[in-house]
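Colleague: Could you take me through this model? I have some short questions.

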Amino acid sequence: MSLLSIENVDYSYAKKTTFEKHVLKKLSLKIEPGSFIGIIGHTGSGKSTLIKILNGLLKPDAGTILYKGENIWSKNFDLRNFHLDVGVSFQYPEHQLFCDTVKKDIEYGLINKGVPKEVYESKIKKTLNIVGLSESYLEKSPFQLSGGEMRKVALAGTIVLDPEVLILDEPTAGLDPKSTQQIYDSLKTYQAQTNSSIIVVSHSMEDVSEYVTDIVALDDGQILLQGKPDQVFDNAEKLKKVGLDVPITTNILRLLAKDNPSVNTNIYRYEDTKLEISRLLKDAILK
Amino acid sequence: MNNTVIGQFIPGKSVIHGLDPRTKIMTTGLWIIILILTHSWIGFLLDAIFLAAVIIVSRISPIIVLRSIKPILPIVIFTSFFNVIYTSGDVLWSAWIFKITQQGIEISAFLSLRIIFMVMGSSILTFTTSLTDITSGIESLLSPLERFGVRVTDFAMMVTLAIRFIPTLSEEIQKIKDAQKARGAFFGSNKITKKIKEVFPILVPLIYSSFRRAFDLTNAIECRCYNQKIKRTKLNPLIYKKKDLVCGVISSLFALIILIIQH
């Protein structure tokens, strides 16, 4: 049984008006414990709506959502606790900060969850470790921090609740490469510690291919492609048709392969690309 | 939450939609004067016919127009209640200290009709005119004041910006609310102390982001060398057309008829 699954979900905005928009069409998705899923899709393909459906913030027009086998829209399901079990960090999560110190802001979710006060400190410490902030930040005002630091604080506010599924909408939008890497590293650390599932929505094929284990490509409210990165990126033509692409490193290798058939074109990570290119260079020198 | 709620503008292609906003604003003003002038049953009958004709021409569903009087209904009921009780005249019915007079009923009926017609009439203006058009109409109507040192363009710019950001802010509220809900926040308690506490997680980020937006906008405006001292031209300048003249003539004639009937 999957941890969280949605079946044949349909959703439209502004129903029964001239502005009606059918966003999700008969969409089904299964999320297994410990998976790291990347959702890619063009703007307006329904990614953000899908997140809200997964988190129970939006009720689908049709279809079911099961969490540990329970229908989350059945009458006696505790939706509020579900929001905490399936943690979501929306786009620009730093916009949700509101307390005068970082500590209070991270505590906000714990208070809402009703966690006993004695464990606050240990939990916050652990979380700061995961997102890579030092404890000196706790007494600072979140509004004094830089964009990347604010993002980390906001992320800490979600992670501190130990969600079993962690959903992130564009977690690295507008961040520099270093912060991007730090954010993804913290996600990896969190997953290694808790075996939770992580879902990342991203525009960046490079980030997705670098970190995730499964990819779901959305187009017009439906799943276009689904599978391991190599399975998805094998369909470069299909991806390009809907405004997506393969990672830039893969593109480079595929260009090289036009002259040299020995190039392996099914490589998606930076490290592997580096190895492949140095292998090619060595071959060239030997010749 | 989207733009449809705010400003109530319902896009359409009727004659009324196509009128110059200035014509519509002035006609609405005239409509209010007409209603103040009316104080007889026959007058209100004519008003009702005129209003009905306008609603039909505007092709806005009458139900939507009727719905616009819902928010002012309590005021109408309140004022007519006191008018019925406190107007002296020929007593129709009395109990304890309350007396209902024929004049009282008449006065309160006229007052209620006046308010209701007024709101319905002005709602036709907002239903058929986009907010940008209304502001540029007001700006153009107020522009003579510029000779007296009133900075109408500044004012219009401010109003336009304020209105422009209503949907953005309401979207932002929804986003912040979702984000806080995802952190276990609960909105909709019954206790007033809890209600106040619930507001903070929304209000603080909202104010913060409003300031951020304001700074961004100021920079953007400055970068484009925006300067009110220069006479600015418009993408869609307001020009009176033949139908504006027709509309003006019809409504003035109607006002004249009411004026004659009432004297």
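Modeller: The answers below begin with conventions and then turn to the chain contact, salt bridges, the surface and single residues.

Colleague: What kind of model is this, and which conventions apply?
Modeller: This is a predicted model, in which local features need pLDDT of at least 70 and side-chain atom pairs count only at pLDDT 80 or more, while totals for chains, interfaces and linings use all residues. Residues are numbered from 1 along each chain as its sequence is written, chains are lettered from A and ligands numbered from 1 in the order in which they are written, and side-chain values use heavy atoms, with hydrogens and water left out.

Colleague: How much area do chain B and chain A bury between them?
Modeller: About 1800 Å² is buried between chain B and chain A, with 62% of it on carbon and sulfur atoms. Buried area here is the accessible area (1.4 Å probe) that two parts lose on being put together, summed over both.

Colleague: Which three residues supply the most on the chain B side?
Modeller: Ala182(B), Arg183(B) and Tyr208(B) supply 37% of the area that chain B buries against chain A, more than any other three residues.

Colleague: And how many residues does the contact take from each chain?
Modeller: Chain B gives 19 residues and chain A gives 22 residues, where contact means heavy atoms within 4.5 Å.

Colleague: How many salt bridges are there between chain B and chain A?
Modeller: There are two between these chains, while the structure holds 14 over all chains. A salt bridge is a side-chain nitrogen of Lys or Arg within 4 Å of a carboxyl oxygen of Asp or Glu.

Colleague: Which residue of chain B pairs with Asp105(A)?
Modeller: Asp105(A) forms a salt bridge with Arg183(B), and their closest N and O atoms are 3.0 Å apart. On the chain B side, the largest share of what touches chain A, seven residues, comes from H8(B). Helices (H or I, at least four residues) and strands (E, at least two) are DSSP runs, numbered from the N terminus.

Colleague: What about Lys52(A), which residue does it pair with?
Modeller: Lys52(A) forms a salt bridge with Asp178(B), the closest N and O atoms being 3.6 Å apart. This pair crosses between chains, from helix H1 (residues 47-54) of chain A to helix H8 of chain B.

Colleague: Is Asp178(B) buried or exposed?
Modeller: Asp178(B) counts as buried because its relative accessibility is 6%. The cut-offs are under 20% relative accessible area for buried and over 50% for exposed, with partly exposed in between (1.4 Å probe, protein chains only).

Colleague: Turning to chain A, where do Arg279(A) and Asp283(A) lie?
Modeller: Both lie in helix H11 (residues 270-286) of chain A, four residues apart, about one turn of the helix. Salt bridges that share partners join Glu276(A), Arg279(A) and Asp283(A) into one network. The side chains of Arg279(A) and Asp283(A) meet at 3.3 Å, N to O. Arg279(A) is partly exposed at 31% relative accessible area, and Asp283(A) is partly exposed at 32%.

Colleague: Which residues form the nonpolar patch on the surface?
Modeller: Ile138(B), Leu142(B), Leu145(B), Phe148(B), Val150(B), Phe155(B) and Met158(B) form the patch, with about 670 Å² of accessible area together. Patches are made of residues with over 30% relative accessible area and no salt bridge: like charges are joined within 9 Å, nonpolar side chains (Val, Leu, Ile, Met, Phe, Trp, Tyr) within 5 Å. Accessible areas come from the Shrake-Rupley method with a 1.4 Å probe, and for residues only the protein chains shown count as cover.

Colleague: Which helices supply at least two residues each?
Modeller: Helix H7 (131-142) and helix H8 (152-182) of chain B each do so. Phe155(B), found in helix H8 of chain B, is partly exposed with a relative accessible area of 44%.

Colleague: Finally, where is Ser45(A), and what does its side chain reach?
Modeller: Ser45(A) is found in the loop between strand E3 (36-41) and H1 of chain A. Its side chain reaches the backbone oxygen of His42(A) at 2.7 Å. Ser45(A) is buried, with a relative accessible area of 2%. Not counting residues up to four places away in sequence, Ser45(A) touches Val23(A), Leu218(A), Asp219(A), Asp220(A) and Gly221(A).

How values were computed. Polar contact = N/O pair within 3.5 Å; in protein donor to acceptor, adjacent residues only side chain to side chain.
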